[in-house]
Each structure stands twice: as structure tokens, then as C-alpha cells.
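Let's take a friendly walk through a protein structure, one topic at a time. Keep the 3D view open while you read.

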Amino acid sequence: MERGLRKRGREGEELRHKETTSESGGENEVAGVKLEQIFKRERPQDINTESFGPLLPIAKAVDDATGGWGLSYADLHPTTPKTSVGQAFLATNFCYAAGGLALGVQGEWVLGALTEIAGIVSFWYHYSQLEFGKNRAEVRLALLIDYFTAGSALITGGIYMIQQGIDTIPLDAALAGGGSVVCLTLCWVWEFGYPYIFWHSLWHILSALTGYLVGREHLSHMA
């Protein structure tokens, strides 16, 4: 009888262990699905020569490499360029114009010009996003070009920081840069409507500020 009780006790412990393991695995699986959903998108059906012209090979490469995520974008309905929220969102792109102009006036023409161009293309992309809505080739084209212009400014700023030495980056530039990355990440988590507009507006403001601070620091090292 004692052996029987022990056997049943071991069986109960094994059963509880299996249930706990199963629940834990389920939680991990749910978390995994949620993480995948951030980057999982339906593949665009409008990536063709008519939409992208000579940029088609690059567009296909981006789409293939990211599984459709790279050329997807947030649906901002019901916000449009004519609403006050849409206009305020578009206005945040002028932070790039202000930062680029300020750098140019001080003699930092390279990063200043790249920041200006990035702001213009960003305005075009987001205006198209608000005007045309979801799943439009016009918006995807603007997004692809935005990758080029924003990437050029980011790479230039990164080269400046490496040249100066990472340990010499001012605290305000590091904080602004870190904050901008957080805001950009949250745009991908909440990639719809007002949440996207809020976080992406902050990305515009903080990334423009970061570019200006990095450019200004580069000028001080060149003097």
C-alpha cells in the first residue's frame, strides 16, 4: 500500500510538471507570435516596373529580404493631409529643414544638406501616406526613396561620431539619439492611426535634433 501511495505521488508530480511545462511553452509561443506579428506583413502585389521604374530591382530586393515588411507602411485612416492632426504630423518634418539650415549656416554643408533632403523626402512620403491610404504603389515608392535619403544622413552622422570617438559624443546627443530609436521602435509596435502618428512625430523631432547636435560637435572638432 505504501508503495502504491508513493507511485501515485510520483505520478501526480509528473503530471503537474507536464502541465507547468505546457503552460510555460504556451506563453512563450504566444509571445513569439506577437513578436512575429510586428514584422509579419502581406507581400505587396504592386511591386512592378510601372510603379518603380528603374528602382524595381532594389524594391524587389528590399521586399524579398524583409518578407514584405520593408515596403509596408501604416494605415493612418481617418487622418488625412487636410485634418489638423495630419497637418501637425507633416509639420514635424520641418525640424529637419531647421536642423539642416542651422548646420549649413555654421558651415556644416554635408550633413546639413543631407538632413534637408531627408526632410523633403520624408514630407513627400508621409503626405502620400496620408493622402492615398493603404496599399498604394505611390506610397511605397516614396518610402523606398525615403530609405535612401534618411539612410544617407544617418550613415554620415555615424561616420562623424566614429571619427570623433564614441566616448566624446555629448550627453544631449546620446540622449536624443537613444530617444529617437525608442520612438521609431514603438512606431513598428503600434503601426496604425494615432499611436503611429504620435511616436513617429517624436522620431522626426528627436532624430532631427540628434543630427544637428552631431553636426555641431563635428564642427567643433574641425575648428
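The report below covers the overall fold, the salt bridges, a pocket, a surface patch and two backbone details.

**The overall fold**

What you see is a predicted model. The chain has 9 helices and 0 strands, so its elements, read from the N terminus on, run α-α-α-α-α-α-α-α-α. Of the 223 residues in the chain, 39% are buried.

**Salt bridges**

How many salt bridges does the structure hold? There are 3, and the table lists each pair with the distance between N and O atoms.

| Basic partner | Acidic partner | N to O distance |
|---|---|---|
| Arg140 | Asp46 | 2.8 Å |
| Arg136 | Glu138 | 2.9 Å |
| Arg216 | Asp172 | 3.8 Å |

Start with Arg140 and Asp46, which form a salt bridge with their closest N and O atoms 2.8 Å apart. Arg140 sits in helix 7, while Asp46 belongs to the loop between helix 1 (2–39) and helix 2 (49–52), so this pair ties together parts that are 94 residues apart in sequence. Are these two partners buried or exposed? Arg140 has a relative accessible area of 4%, so it counts as buried. Asp46 is buried too, because its value of 15% is under the 20% cut-off.

Next, find Arg216 and Asp172, another salt-bridge pair, with 3.8 Å between the closest N and O atoms. Arg216 is in helix 9 and Asp172 is in helix 8, so the pair links parts that are 44 residues apart in sequence. Arg216 is partly exposed, with a relative accessible area of 37%, and Asp172 is partly exposed at 35%.

The remaining pair is Arg136 and Glu138, whose side chains meet in a salt bridge. Arg136 is partly exposed, with a relative accessible area of 31%, and Glu138 is partly exposed as well, at 34%.

**The largest pocket**

Now look for open space. Rolling a probe the size of a water molecule over the atoms shows where empty space is left. The largest pocket contains about 750 Å³ of space. Its lining is made up of 39 residues, and those nearest the centre of the pocket are Tyr96, Ala150, Leu154, Leu184 and Trp203. Helix 6 (109–132), helix 7 (137–164), helix 8 and helix 9 are the elements that each give two or more residues to this lining. Which helix gives the most? That is helix 7, with 10 residues. By type, the lining residues divide into 21 nonpolar, 16 polar and 2 charged.

**A nonpolar patch on the surface**

Turn the model to find Val189, Trp190 and Phe192, which form a nonpolar patch on the surface. Together they have about 280 Å² of accessible area. Phe192 is placed in the loop between helix 8 (171–189) and helix 9 (193–222). With a relative accessible area of 44%, Phe192 is partly exposed.

**Two backbone details**

Where does the chain contain a cis peptide bond? Such a bond joins His77 and Pro78, with omega at about 10°. Pro78 is in the loop between helix 3 (56–66) and helix 4 (84–91).

Finally, visit Asn135, in the loop between helix 6 and helix 7. Although Asn135 is not a glycine, its phi is positive, at about 55°. Asn135 has a relative accessible area of 53%, so it counts as exposed.

Technical notes
Residues are numbered from 1 along each chain as its sequence is written. This is a predicted model: local features need pLDDT of at least 70, side-chain atom pairs count only at pLDDT 80 or more; totals for chains, interfaces and linings use all residues. Side-chain values use heavy atoms; hydrogens and water are left out. Patches are made of residues with over 30% relative accessible area and no salt bridge: like charges are joined within 9 Å, nonpolar side chains (Val, Leu, Ile, Met, Phe, Trp, Tyr) within 5 Å. Accessible areas come from the Shrake-Rupley method with a 1.4 Å probe; for residues, only the protein chains shown count as cover. A salt bridge is a side-chain nitrogen of Lys or Arg within 4 Å of a carboxyl oxygen of Asp or Glu. Helices (H or I, at least four residues) and strands (E, at least two) are DSSP runs, numbered from the N terminus. Buried means under 20% relative accessible area, exposed over 50%, partly exposed in between (1.4 Å probe, protein chains only). On a 1 Å grid over the protein atoms alone, a cavity is a set of points where a 1.4 Å probe fits but cannot get out, and a pocket is an open set with protein on both sides within 12 Å along at least five of seven lines; lining residues have an atom within 4 Å of a point. Grid points are joined across faces, edges and corners, and a volume is the space filled by probe spheres set on the points. Ala, Val, Leu, Ile, Met, Phe, Trp, Tyr, Cys and Pro count as nonpolar, Asp, Glu, Lys and Arg as charged, and the others, Gly among them, as polar.
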